[in-house]
Amino acid sequence: MSIAGLVLAAGGSTRLNATESASDKPAFKLLLPFGPMTVVEAVVHAALAAGLSPVIVVVGHRANEVRRALDELDERVLVVENPAYKAGQSSSLTVGVGIARDRSDVEAVAVLLADEPGILPLSIRAVVTGWREAGAGIARAVYRDRPGHPVVFGRPTFEELNRLRGDQGAASLLQNARHAVCGVRIGSPAPVDVDTEQDYREALRRRGEDIAPE
């Protein structure tokens, strides 16, 4: 039995104020450079390095561009499109969980956000191990500064994940007393969620990089 990765990569990048160098259109955060890769590649690479298989990447906004960025990354990567991505994060969760549910060898999914390129394979593995050892339905990373991703959902939660609607994500399951939730402590700060140009600069700073000043 395996743990699948589920990378949510369908959002529209509406809060990022940077512009692409070759045009005046807003930059798409998932395709911004992050070391030798793009932001989305960094997240998928971390999922693969942590041993998740398959790694299901749900795309929506500028889906073809994200697909091309991941085309040759690894045969374990499965890119699927969510045509209803504007309905909110839960629509991407249901697409990805539906695929995992149909695979009899998948016992859980580890949900990751495609705009957190600083996520570490070590953190992912720690939460997976915590989920297995606790025997809980759900396990989540609890960083030094806040709870975050990955969140591991066991197969018994899949049906409820598939019933989610709107942009709440899986928060309702985390708060539902029906499912035991194991918090796995991670000794580092949570990875930066890249929503703005300032966030992007901070994510690069933590990686030991910088970008040219405006």
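Let us start with one residue, Asn 162, which lies in helix 5 (residues 158–162). Helices here are DSSP runs of H or I with at least four residues, strands are runs of E with at least two, and both are numbered from the N terminus. Asn 162 has a relative accessible area of 17%, so Asn 162 is buried. Buried means under 20% relative accessible area, exposed means over 50%, and partly exposed lies in between, using a 1.4 Å probe and protein chains only. Leaving aside residues up to four places away in sequence, Asn 162 touches Thr 94, Val 97, Gly 98 and Arg 101; a contact means heavy atoms within 4.5 Å.

Before going on, a word about the model. It is predicted, with local features needing pLDDT of at least 70 and side-chain atom pairs counting only at pLDDT 80 or more, while totals for chains, interfaces and linings use all residues. Residues are numbered from 1 along each chain as its sequence is written, and side-chain values use heavy atoms, with hydrogens and water left out.

Now for the whole protein. It holds seven helices and nine strands. Of its 214 residues, 51% count as buried. Among contacts between residues at least 6 apart in sequence, 67% join residues at least 24 apart.

Next comes the sheet. Seven strands form an open sheet in the order 5-4-1-6-8-7-9, and the pairing is mixed. Strand 5 (77–81) and strand 9 (181–185) are at the edges with a single partner strand each, so each has one side without a neighbour in the sheet. On average, neighbouring strands of this sheet are turned by 25° against each other, direction ignored. For such angles, axes are lines fitted to C-alpha atoms, for helices over the stretch in contact, and other angles run from 0 to 180 degrees between N-to-C directions.

Strand 4 is a good place to look more closely. Strand 4 (residues 55–59) runs parallel to strand 5, and five bridges join the two; strands count as paired if DSSP finds at least two bridges between them. One of the partnerships links Val 59 to Glu 81 in strand 5. Strand 4 also runs parallel to strand 1, again with five bridges, and here Leu 8 stands opposite Val 58 of strand 4.

How many of the five residues of strand 4 are buried? The count is five of five, so strand 4 is mostly covered. In a regular strand the side chains alternate between the two faces of the sheet. In strand 4, Val 55, Val 57 and Val 59 are buried on one side, while Ile 56 and Val 58 are buried on the other.

Helix 1 packs on this sheet, where it touches strand 1 (2–9), strand 4, strand 5 and strand 6 (106–113). The direction of helix 1 makes about 155° with that of strand 4.

Helix 1 also meets another helix. The axes of helix 1 (residues 39–49) and helix 2 (residues 63–70) come within 10 Å and cross at roughly 50°. The two helices are therefore oblique to each other, given that angles under 35 degrees count as roughly parallel, over 145 as roughly antiparallel, 65 to 115 as roughly perpendicular and the rest as oblique. Helix 1 passes helix 2 in a right-handed crossing, meaning that the near helix is turned clockwise from the far one by less than a right angle, whereas anticlockwise would be left-handed. Val 40, Glu 41 and Val 44 of helix 1 make the contact with Val 66, Ala 69 and Leu 70 of helix 2. These residues divide into five nonpolar, no polar and one charged. Here Ala, Val, Leu, Ile, Met, Phe, Trp, Tyr, Cys and Pro count as nonpolar, Asp, Glu, Lys and Arg as charged, and the others, Gly among them, as polar.

The backbone has some details to find on either side of strand 4. A cis peptide bond, with omega about -5°, joins Ser 53 and Pro 54, and Pro 54 sits in the loop between helix 1 and strand 4. In the loop between strand 4 and helix 2 you will find Arg 62, whose phi is near 50°, a positive value in a residue other than glycine.

Let us finish in strand 8 (residues 147–154), the home of Gly 154. Pro 150 is found in strand 8 too, and the peptide bond from His 149 to Pro 150 is cis, with omega near 10°. Gly 154 counts as buried at 2% relative accessibility. Beyond residues up to four places away in sequence, Gly 154 touches Glu 107, Ala 108, Trp 131 and Gly 137. Gly 137 is 17 residues from Gly 154 along the chain, and their C-alpha atoms are separated by 5.2 Å.
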